[in-house]
Amino acid sequence: MFVKVCGLSTPESVREAVDAGADAVGFVLTASPRVVSPSQASALLAEVPERVLPIGVFRDEPVVDAVAIARAAGLEWLQLHGTRTRGDVATVHDAGMKLVRAVTLSATPEELEDWGEDLLLIDAAVPGSGEAWDYGSVAGLPALQGRNWLLAGGLDPENVGKASAAARAWGVDVSSGVEASRGVKDLAKVRAFVHAAKAESTV
C-alpha cells in the first residue's frame, strides 16, 4: 500500500511520516491552514530521503504558476486539484515534472479517464473537509482497473484499512485525519495511520 501524508509543515512532522514508512509527503503551496511557502517547502526537503516522494499541492492556480512555484521550492512532483485539462497534464510533463491529478467523488467519466498523469487521486466531494464517504462506490469503476490511484477524504488511523480494502485502492492519502487541530499534525496519529495502512496491504 502506497501511503502519502499531506499538509506537513514542520521538520518534526516530516521526520515522523518518513520514519513511520510513508512513501510520499505533501507540502501545500496554496491557500490553506496547512500552507507553506516555497522557501519553507525547500527547507523541509532536507528531511526527505530519496525513497520518499515530496509533492507540492495546488488547488486552482493556473498550471504554469503551479509549475513555477514547485520549481522554486525544488519539487519535481505536483498534485493539482480543481478543474483541469489534458493540456495541463502535458504542461507539467513538458516542464520535466510528474503529476498527481486530483478529482472528486463527483468526477465525470471523462475526468476519471487516464489523461497520462503519473497518479490519480480520488477525493471526497469537498476536498480537505475530512468527511468520510462511500469508499466502496469506486471499487468497480472500469476507468480505475489496472491503474495506480490514491484514495483520499475522511481517512484516519481507525478506518484506513477497511476504506482502502472497500475501494480496492492502490494507495491512500491523509491530511486532516492525522491532525490534533486544523493544520497541526498529531505525530502519534501520523505514525498510527501509516502503520495501519501498511498492515492492511499485508493481509
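**Cores, strand β5 and a pocket**

In this predicted model, the largest nonpolar core has 55 residues, and the members that touch the most others are Val5, Phe27, Leu78, Trp149 and Leu151. Helix α3, spanning residues 63-73, gives the most to this core, with five residues. A separate core of ten residues lies apart from it, and its members include Ala24, Val100, Leu150 and Ala152.

Leucine 151 can serve as an entry point to the larger of these sets. Leaving aside residues up to four places away in sequence, Leu151 touches Ile122, Trp133 and Tyr135, and also Ala163, Ser164, Ala167, Ala169, Gly171, Val172 and Asp173. Isoleucine 122 appears again below, in the pairing of strand β6.

The next element to follow is strand β5, residues 98-104. Five of the seven residues in β5 are buried, and the strand is mostly covered. On one side of the pairing scheme is strand β4 (residues 77-80), which pairs with β5 in the parallel sense over four bridges. Within this pairing, glutamine 79 has valine 100 of β5 as its bridge partner. Between the two strands the chain passes through helix α4 (residues 86-94), and the resulting β-α-β crossover from β4 to β5 is right-handed. Strand β5 also runs parallel to strand β6 (residues 119-123), to which it is joined by five bridges. Here valine 103 stands opposite isoleucine 122 of β6.

Both partners of the bridge between glutamine 79 and valine 100 are also contacts of isoleucine 55. Isoleucine 55 belongs to strand β3, residues 53-58. Is isoleucine 55 buried or exposed? Its relative accessible area is 1%, and because buried means under 20%, isoleucine 55 counts as buried. Not counting residues up to four places away in sequence, isoleucine 55 touches Lys4, Ala24, Val25, Gly26, Phe27, Leu75, Trp77, Leu78, Gln79 and Val100. Among these contacts, Phe27 and Leu78 are named in the largest core, while Ala24 and Val100 are named in the other core. As for position along the chain, isoleucine 55 and alanine 165 are 110 residues apart in sequence and 25 Å apart in space, C-alpha to C-alpha.

Strand β5 returns in the description of a pocket. The second largest pocket has a volume of about 190 Å³. Thirteen residues line this pocket, and Gly82, Ala102, Val103, Thr104 and Glu111 are the closest to its centre. Which element gives the largest share of the lining? Strand β5 does, with four residues. Valine 103, one of the residues closest to the centre of the pocket, is also the residue that stands opposite isoleucine 122 in β6.

How values were computed
Residues are numbered from 1 along each chain as its sequence is written. This is a predicted model: local features need pLDDT of at least 70, side-chain atom pairs count only at pLDDT 80 or more; totals for chains, interfaces and linings use all residues. Side-chain values use heavy atoms; hydrogens and water are left out. A nonpolar core is a set of buried Ala, Val, Leu, Ile, Met, Phe, Trp, Tyr and Cys residues joined through side-chain atoms within 4.5 Å. Buried means under 20% relative accessible area, exposed over 50%, partly exposed in between (1.4 Å probe, protein chains only). Contact means heavy atoms within 4.5 Å. Two strands pair if DSSP finds at least two bridges between them. A crossover is right-handed if, with the strands pointing away from the viewer, the path from the first strand over the helix to the second runs clockwise. On a 1 Å grid over the protein atoms alone, a cavity is a set of points where a 1.4 Å probe fits but cannot get out, and a pocket is an open set with protein on both sides within 12 Å along at least five of seven lines; lining residues have an atom within 4 Å of a point. Grid points are joined across faces, edges and corners, and a volume is the space filled by probe spheres set on the points.
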